[in-house]
Every structure is written in structure tokens, then in C-alpha cells.
Amino acid sequence: MARLSGSFVTKVFDGPYRNMRDWIEEMRACVSSKGKTLQRMYFYYTTCPKCAKKYGKNYVVILAQV
């Protein structure tokens with residue numbers, strides 16, 4: 001567990017890791033469309049690789065600190 005403090009914008013993406021570059025650009029656009037300045041991004045998968053294979057989904061959450 002970790003505790004993050006600050007203001008964040010979050011978005012959930014679905015797909016393979018190779019799409020990460022597109023998700024980062026989409027997240028940057030999302031933050032700027034809200035009139036915020038991006039400071040840092042954090043990423044995490046919501047499921048382990050074994051569970052993702054079983055359920056057929058591989059969600060990635062991006063937290064953008066603003």
C-alpha cells in the first residue's frame with residue numbers, strides 16, 4: 001500500500017502494454033483540457049497477469065498529479 005497526497009486526475013485504459021505511448025498522450029491532453037498543469041504520472045495494472053489472462057481484460061490506471 002502507498003499513500004499519495006495532492007490533486008490527481010485519473011483515467012482507466014484497457015489494452016496491451018504497447019499502447020502505453022498513446023495513453024500517455026491522451027492523459028496529457030485530458031489534463032490540459034481541464035486547464036491543469038501536469039506534474040507527474042503514476043501507472044498501475046488493476047489485475048495480475050494471470051487474472052488478466054483469465055478475465056480477458058488488462059486495465060491500466062493512470063494517475064496524473066496536477
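**Exercise 1. Decide which accessibility class Glu26 belongs to, then find its salt-bridge partner.**

Step 1. Start with the cut-offs: buried is under 20% relative accessible area, exposed is over 50%, and partly exposed is in between (1.4 Å probe, protein chains only). Glu26 has a relative accessibility of 36%, so it counts as partly exposed.

Before going on, a word on the input: this is a predicted model, in which local features need pLDDT of at least 70 and side-chain atom pairs count only at pLDDT 80 or more, while totals for chains, interfaces and linings use all residues. Residues are numbered from 1 along each chain as its sequence is written, and side-chain values use heavy atoms, leaving out hydrogens and water.

Step 2. Now look for a salt bridge (a side-chain nitrogen of Lys or Arg within 4 Å of a carboxyl oxygen of Asp or Glu). Glu26 pairs with Lys11, and their closest N and O atoms are 2.9 Å apart.

Step 3. Place both partners on the secondary structure, where helices (H or I, at least four residues) and strands (E, at least two) are DSSP runs numbered from the N terminus. Lys11 belongs to strand 1 and Glu26 to helix 1, so this salt bridge ties together parts 15 residues apart in sequence. Lys11, at 26% relative accessibility, is also partly exposed.

**Exercise 2. How many salt bridges are there, and which elements do the others involve?**

Step 1. The rule above gives a count of three salt bridges.

Step 2. Asp14 bridges to Lys57, with 3.4 Å between the closest N and O atoms. Asp14 sits in strand 1 and Lys57 in the loop between helix 2 and strand 3, so parts 43 residues apart in sequence are tied together. Asp14 is partly exposed at 39% relative accessibility, and Lys57 is partly exposed at 37%.

Step 3. Glu25 and Arg28 form another salt bridge, at 3.0 Å between the closest N and O atoms. Because they are three residues apart in helix 1, about one helical turn separates them. An α-helix has 3.6 residues a turn, so residues three or four places apart point the same way.

**Exercise 3. Check the length of helix 1 and work out where its buried residues lie.**

Step 1. The expected span is 1.5 Å times one less than the number of residues. For the 14 residues of helix 1 (residues 20–33) this gives 20 Å, and the end C-alpha atoms are 20 Å apart, which agrees.

Step 2. The buried residues of helix 1 are Met20, Trp23, Met27, Cys30 and Val31. Viewed down the helix axis, they fall within an arc of 95 degrees, so they line one face of helix 1; the arc is that of the directions from the helix axis to the C-beta atoms.

Step 3. On the other side of helix 1, Arg21, Asp22 and Ser33 are exposed.

Step 4. Taking contact as heavy atoms within 4.5 Å, the buried residues of helix 1 pack against strand 1 (8–14), strand 2 (40–45) and strand 3 (59–65).

Step 5. Just past helix 1 there is a backbone detail to look up: Gly35 takes a positive phi of about 75 degrees.

**Exercise 4. Find the aromatic pairs and decide whether each is stacked or tilted.**

Step 1. Rings of Phe, Tyr and Trp (its six-membered ring) pair if their centres lie within 6.5 Å; planes under 30 degrees apart are stacked, over 60 edge-to-face, and the rest tilted. This rule yields two aromatic pairs.

Step 2. Phe8 and Tyr42 have ring centres 6.3 Å apart and planes at 55 degrees, so this pair is tilted. Phe8 in strand 1 and Tyr42 in strand 2 are 34 residues apart.

Step 3. Phe13 and Trp23 have ring centres 5.4 Å apart and planes at 20 degrees, so this pair is stacked. The link runs from Phe13 in strand 1 to Trp23 in helix 1, ten residues apart. Phe13 is buried at 6% relative accessibility, and Trp23 is buried at 6% as well.

**Exercise 5. Describe the overall arrangement of the protein chain.**

Step 1. There are two helices and three strands, running β-α-β-α-β from the N terminus.

Step 2. The C-alpha atoms fill a box of roughly 40 × 25 × 15 Å along the principal axes.

Step 3. Of the 66 residues, 24% count as buried. Among contacts with a separation of 6 or more, 54% come from residues 24 or more positions apart.
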